[in-house]
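The following paragraphs lead a new reader through one protein structure. They begin at the surface and then turn to the strands and the charged pairs.

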Amino acid sequence: MIASVYDTATPCDWQEMNMKASGVCRITKMFWKCVFSSTFSVTGWVCYAEKTHGSLVIPHIATTKSPQQIMGSLIKDHLARELGRTPDSIYHVTLMPCYDKKLEASREDFTNQQLHTRDVDCVITAIELEQLLQRDNQSLASMDSVQLDFPWSKTLPSNSALVSHQGSGSGGYADLIFLHAARELFGNSHPDLQYKSLRNPDFREVILEQDGRILLRFAIANGFRNIQNLVQKMKRGKSSYHYVEVMACPSGCLNGGAQVRPQDGSSPRELTMRLEAVYESLQKQVPEENHTVQELYSTWLEGAHSDKCVAMLHTKYHSVEKMTTALNIKW
């Protein structure tokens with residue numbers, strides 16, 4: 001039995017507010033020639049970085065949890081306390097467009113070892129949901145719409161419709177952090193946010209320039225071919241980017257590997273373009289205007305810089321040591 005259904009609008013706003021703050025902090029410190037950053041929203045990229053490049057890349061990945069895992073913290077910690085339940089008595093299922101989200105949910109970092117329960121118990125992909133509906137001869141189009149549940153505050157949001165964020169359909173991190181950094185670091189509240197495609201449409205960059213000097217250089221890199229090229233530049237000290245939004249799937253999350261396939265004969269890229277148009281048409285959400293997030297900082301996390309805030313909203317990454325066996329030794 002499904003007790004409640006929530007959307008990830010609040011976790012998304014929370015993640016983006018944390019990403020903007022940490023992104024500007026990293027750029028300000030300039031602890032390397034340039035600051036490379038991404039987020040745990042892309043599990044495939046994180047696993048690749050941990051297994052293949054370790055200490056070269058891991059220090060430059062943003063530690064903010066993905067919306068899926070922030071929702072896991074909200075439900076298994078905050079909501080469980082509000083309901084007078086233990087975390088292991090709640091079964092939390094997420095619906096995602098990516099198979100790798102199953103790997104993310106299974107990480108030990110997101111497990112309560114004492115109660116033997118995960119923050120996210122099960123991940124169902126869009127394709128799997130479609131298969132379940134087809135098995136029972138059901139269709140979403142034939143079902144009645146219902147209001148989503150909202151347990152995070154006694155005050156319901158004024159707008160209960162689906163919302164989007166400025167930027168790409170993969171979270172819009174590059175746009176949000178670029179605009180925030182331009183305003184906070186250089187006093188430019190209206191920078192020209194025009195991306196230029198480089199080698200291919202899945203690798204784009206945007207710069208903030210003043211008096212002929214480049215102040216910020218951001219990029220969006222989708223697909224492992226572009227990611228590998230970017231990492232090779234980092235190894236050679238040739239990467240000039242302050243921030244990179246990385247997505248493992250070509251065209252980003254809207255083209256996730258577990259996304260529903262087009263049924264009208266169109267290509268996945270054509271479907272992605274239609275999804276991007278629909279996403280763009282939704283009302284834009286400004287994370288700082290989400291009063292629920294501000295309220296939860298006080299009532300749940302004991303402040304925006306508390307130890308509990310770090311534990312609930314951030315994670316760690318781990319280099320995976322390569323095993324030397326007779327099978328992988330080059331004789």
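The structure shown is a predicted model. A convenient place to start is R236, which is located in the loop that runs between α7 (224-235) and β9 (243-247). This arginine counts as exposed because its relative accessibility is 53%, and the threshold for that class is over 50%. R236 also belongs to a positive patch on the surface, whose other members are R199, R225, K233 and K238.

The strand at the far end of that loop, β9, has another setting. Five of the five residues of β9 are buried, so the strand is largely enclosed by the rest of the structure. Cover is found on both of its faces: Y243, E245 and M247 are buried on one side, and V244 and V246 are buried on the other. A general rule lies behind this division, for in a regular strand the side chains alternate between the two faces of the sheet.

What is the order of the strands in the open sheet that contains β9? Four strands form it, in the order β6-β7-β8-β9, and their pairing is mixed. The edges are taken by β6 (196-197) and β9, each with a single partner strand, so one side of each is left without a neighbour in the sheet. The mixed character can be followed from pair to pair. The strands β7 and β8 run antiparallel and are joined by eight bridges; in this pairing, R204 has I220 in β8 as its bridge partner. Between β8 and β9 the sense is parallel, with five bridges, and here A221 is partnered by V246 of β9. V246 has already appeared above as one of the buried residues of β9.

The connection between β7 and β8 also deserves attention. D211 is placed in the loop between β7 (203-210) and β8 (213-222). Its phi is near 55°, a positive value in a residue that is not a glycine. D211 is classed as exposed because its relative accessible area is 77%, where over 50% is required. A second residue of this kind is found elsewhere in the chain: H116, which is not a glycine, has a positive phi of about 55°. H116 is situated in the loop between β2 (111-112) and β3 (117-118), and with a relative accessible area of 69% it is exposed.

The charged pairs form the next topic. Side chains of opposite charge can pair when their charged atoms come close. The model contains 13 salt bridges by the rule applied here, and several of them can be examined one by one.

In helix α3 (residues 67-83), R81 forms a salt bridge with D77, and the closest N and O atoms are 3.5 Å apart. The two residues are four positions apart in this helix, which means that about one helical turn separates them. Are the two partners buried or exposed? R81 counts as exposed because its relative accessibility is 59%, whereas D77 counts as buried because its value is 14%, under the limit of 20%.

Helix α4 (residues 100-106) holds a pair of its own, E104 and K101, which lie three residues apart, about one turn of the helix. Their side chains meet in a salt bridge with an N to O distance of 2.9 Å. Both E104 and K101 are buried.

K102 makes a salt bridge with E128, at 3.1 Å between the closest N and O atoms. Since K102 lies in helix α4 and E128 in helix α5 (residues 126-135), the pair ties together parts that are 26 residues apart in sequence. K102 is partly exposed, with a relative accessible area of 31%, and E128 is likewise partly exposed at 23% relative accessibility. Salt bridges may also join into a network, as they do among E50, R107 and D109.

A return to the surface completes the tour. I2, V5, L148 and L162 form a nonpolar patch there, with about 390 Å² of accessible area together. One of these residues, L148, lies in the loop between α5 and β5 (163-164). At 34% relative accessibility, L148 counts as partly exposed.

How values were computed. Residues are numbered from 1 along each chain as its sequence is written. This is a predicted model: local features need pLDDT of at least 70, side-chain atom pairs count only at pLDDT 80 or more; totals for chains, interfaces and linings use all residues. Side-chain values use heavy atoms; hydrogens and water are left out. Buried means under 20% relative accessible area, exposed over 50%, partly exposed in between (1.4 Å probe, protein chains only). Patches are made of residues with over 30% relative accessible area and no salt bridge: like charges are joined within 9 Å, nonpolar side chains (Val, Leu, Ile, Met, Phe, Trp, Tyr) within 5 Å. Accessible areas come from the Shrake-Rupley method with a 1.4 Å probe; for residues, only the protein chains shown count as cover. A salt bridge is a side-chain nitrogen of Lys or Arg within 4 Å of a carboxyl oxygen of Asp or Glu. Lys and Arg count as positive and Asp and Glu as negative; His and the chain ends are not counted. The place of a charge is taken as NZ of Lys, CZ of Arg, CG of Asp or CD of Glu. Two strands pair if DSSP finds at least two bridges between them.
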